[in-house]
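Please read the following report alongside the sequence and the coordinates. It moves from single residues to the packing of two helices.

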Amino acid sequence: MIAEAYVETSTPSKYINRLCKHFAHKVTVTYDDNQGEIQFKIGKGYIEKVTDGLKLKAEADNQNDLQEVIDIMDRHFVRVAWQEELTLTWQ
């Protein structure tokens, strides 16, 4: 199961780095300035630089785990993006 969110920002690389460094203290993360992959026990999170912002993706085997990955990524993204007050709308 997959859900995606998009957010407009002029500094996508900054948020990729912040979010991935934040998660790297607890889970396995790989990233560069253009994309990141976060491996949770219940699924995966992805963050990718796009033309005018960021695309985030949550992936899990079932709806409950997918919702938990979404919740985790959403909460932590809001923390690292507090300066711009960015919010995510997942689909």
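Asn 17 lies in helix H1 of what is a predicted model. With a relative accessibility of 19%, Asn 17 counts as buried, because the cut-off for that class is under 20%. The side chain of Asn 17 is joined to the side chain of Asp 33 by a polar contact of 3.0 Å. When residues up to four places away in sequence are not counted, Asn 17 touches Tyr 31, Asp 32 and Asp 33, and Asp 33 is thus named both as the polar partner and as one of the residues touched.

Helix H1, which covers residues 12-23, packs with helix H2, which covers residues 63-80, at an angle of about 120°, and the axes of the two helices are 10 Å apart. That angle makes H1 oblique to H2, and the crossing in which H1 passes H2 is right-handed. On the H1 side the contact is made by Tyr 15, Arg 18, Leu 19, His 22 and Phe 23, while H2 contributes Ile 72, Met 73, His 76, Phe 77, Arg 79 and Val 80. Sorted by class, the residues in the contact of H1 with H2 are seven nonpolar, two polar and two charged.

His 76, one of the H2 residues in this contact, can also be described on its own. His 76 has a relative accessibility of 13% and therefore counts as buried. Leaving aside neighbours within four places in sequence, His 76 is in contact with Leu 19, His 22 and Phe 23, and these three residues are listed among those that H1 brings to the contact with H2.

Trp 90 is found in the segment after H2, and at 18% relative accessibility Trp 90 counts as buried. What does Trp 90 touch, not counting residues up to four places away in sequence? The residues are Ala 3, Glu 4, Ala 5, Leu 56, Lys 57, Ala 58, Ile 70, Met 73 and Asp 74; Met 73 is also named among the H2 residues in the contact with H1. Trp 90 and Asp 71 are 19 residues apart in sequence, and their C-alpha atoms are 10.0 Å apart in space.

The table below sets out the accessibility of the residues discussed.

| Residue | Relative accessibility | Class |
|---|---|---|
| Asn 17 | 19% | buried |
| His 76 | 13% | buried |
| Trp 90 | 18% | buried |

Note on methods: Residues numbered from 1 in each chain as written. Predicted model: local features only at pLDDT ≥ 70, side-chain atom pairs only at ≥ 80, totals over all residues. Heavy atoms only, no water. Axes fitted to C-alpha atoms, helices over the stretch in contact; angles between N-to-C directions. Helix = DSSP H or I, 4+ residues; strand = E, 2+ residues; numbered from the N terminus. Parallel < 35°, antiparallel > 145°, perpendicular 65-115°, else oblique. Left-handed = near helix turned anticlockwise from the far one by under 90°. Contact = heavy atoms within 4.5 Å. Nonpolar A, V, L, I, M, F, W, Y, C, P; charged D, E, K, R; others polar. Buried < 20%, exposed > 50% of the residue type's maximum accessible area, 1.4 Å probe, protein only. Polar contact = N/O pair within 3.5 Å; in protein donor to acceptor, adjacent residues only side chain to side chain.
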